[in-house]
Amino acid sequence: GFLVMGNIGALAHVLLGQLKTAMVMIGAFFIFGSTYGSNQLLGAAGAVLFIILYTHFTMTEKDILPTDIEKAEKVTLTSDDRQ
């Protein structure tokens with residue numbers, strides 16, 4: 001846990017914990033035939049859904065940000081070259 005915490009943020013660490021819990025529930029269902037209440041299933045499904053959304057938006061933000069910075073640098077360099 002400590003090695004992972006050093007490389008990722010606090011929110012990502014919490015989300016990984018929730019994902020682990022959801023995966024344990026799914027595994028217990030398939031392997032041991034465990035039963036869960038509707039609230040538990042809804043909570044696990046919601047956790048997985050929001051983890052997927054968080055990952056998508058985080059990766060999209062990282063992909064867009066460097067591109068925008070590069071465009072801004074090109075515009076600045078181009079306008080400086082003209083003067």
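pLDDT is the predictor's confidence in each residue, on a scale from 0 to 100, and the exercises below rest on it, since the structure shown is a predicted model.

**Exercise 1. Determine in which helix the confidence is lowest and in which it is highest, and state how the protein scores on average.**

Solution. Begin with the chain as a whole, where the mean pLDDT is 74 and 65% of the residues score at least 70. Next, list the elements: the protein has 3 helices and 0 strands, which follow one another along the sequence in the pattern α-α-α. Finally, compare the means, which reach their lowest value, 60, in helix α1 (residues 2–7) and their highest, 84, in α2. Where pLDDT is low, the predicted coordinates should not be read in detail.

**Exercise 2. Decide whether M23 and M25 are buried or partly exposed.**

Solution. First place the residues: M23 lies in helix α2, which spans residues 10–32, and M25 is found in helix α2 as well. Then apply the cut-offs, by which a residue is buried under 20% relative accessible area, exposed over 50%, and partly exposed in between. M23 has a relative accessible area of 43% and is therefore partly exposed, whereas M25 counts as buried because its relative accessibility is 17%. For context, 10% of the 83 residues of the protein count as buried.

**Exercise 3. Identify the residues that M25 contacts beyond its neighbours within four places in sequence.**

Solution. Once those neighbours are set aside, the contacts of M25 are with Y36, Q40 and A44. Taking Q40 as one of these partners, we find that its C-alpha atom is separated by 9.2 Å from that of M25, although the two residues stand 15 residues apart along the chain.

**Exercise 4. Describe the geometry of the aromatic pair and the surface setting of its two members.**

Solution. The structure holds 1 aromatic pair. This pair is formed by F29 and F30, with 5.2 Å from centre to centre and 75 degrees between the planes; the arrangement is edge-to-face because the angle is over 60 degrees. As for accessibility, F29 counts as partly exposed because its value is 45%, while F30, at 64%, is exposed. Both rings belong to a nonpolar surface patch that is made up of M23, I26, F29, F30, I31 and F32 and has about 730 Å² of accessible area together. The protein exposes about 7000 Å², of which carbon and sulfur atoms supply 68%.

Terms used: Residues are numbered from 1 along each chain as its sequence is written. This is a predicted model: local features need pLDDT of at least 70, side-chain atom pairs count only at pLDDT 80 or more; totals for chains, interfaces and linings use all residues. Side-chain values use heavy atoms; hydrogens and water are left out. Patches are made of residues with over 30% relative accessible area and no salt bridge: like charges are joined within 9 Å, nonpolar side chains (Val, Leu, Ile, Met, Phe, Trp, Tyr) within 5 Å. Accessible areas come from the Shrake-Rupley method with a 1.4 Å probe; for residues, only the protein chains shown count as cover. A salt bridge is a side-chain nitrogen of Lys or Arg within 4 Å of a carboxyl oxygen of Asp or Glu. Helices (H or I, at least four residues) and strands (E, at least two) are DSSP runs, numbered from the N terminus. Buried means under 20% relative accessible area, exposed over 50%, partly exposed in between (1.4 Å probe, protein chains only). Contact means heavy atoms within 4.5 Å. Rings of Phe, Tyr and Trp (its six-membered ring) pair if their centres lie within 6.5 Å; planes under 30 degrees apart count as stacked, over 60 as edge-to-face and the rest as tilted.
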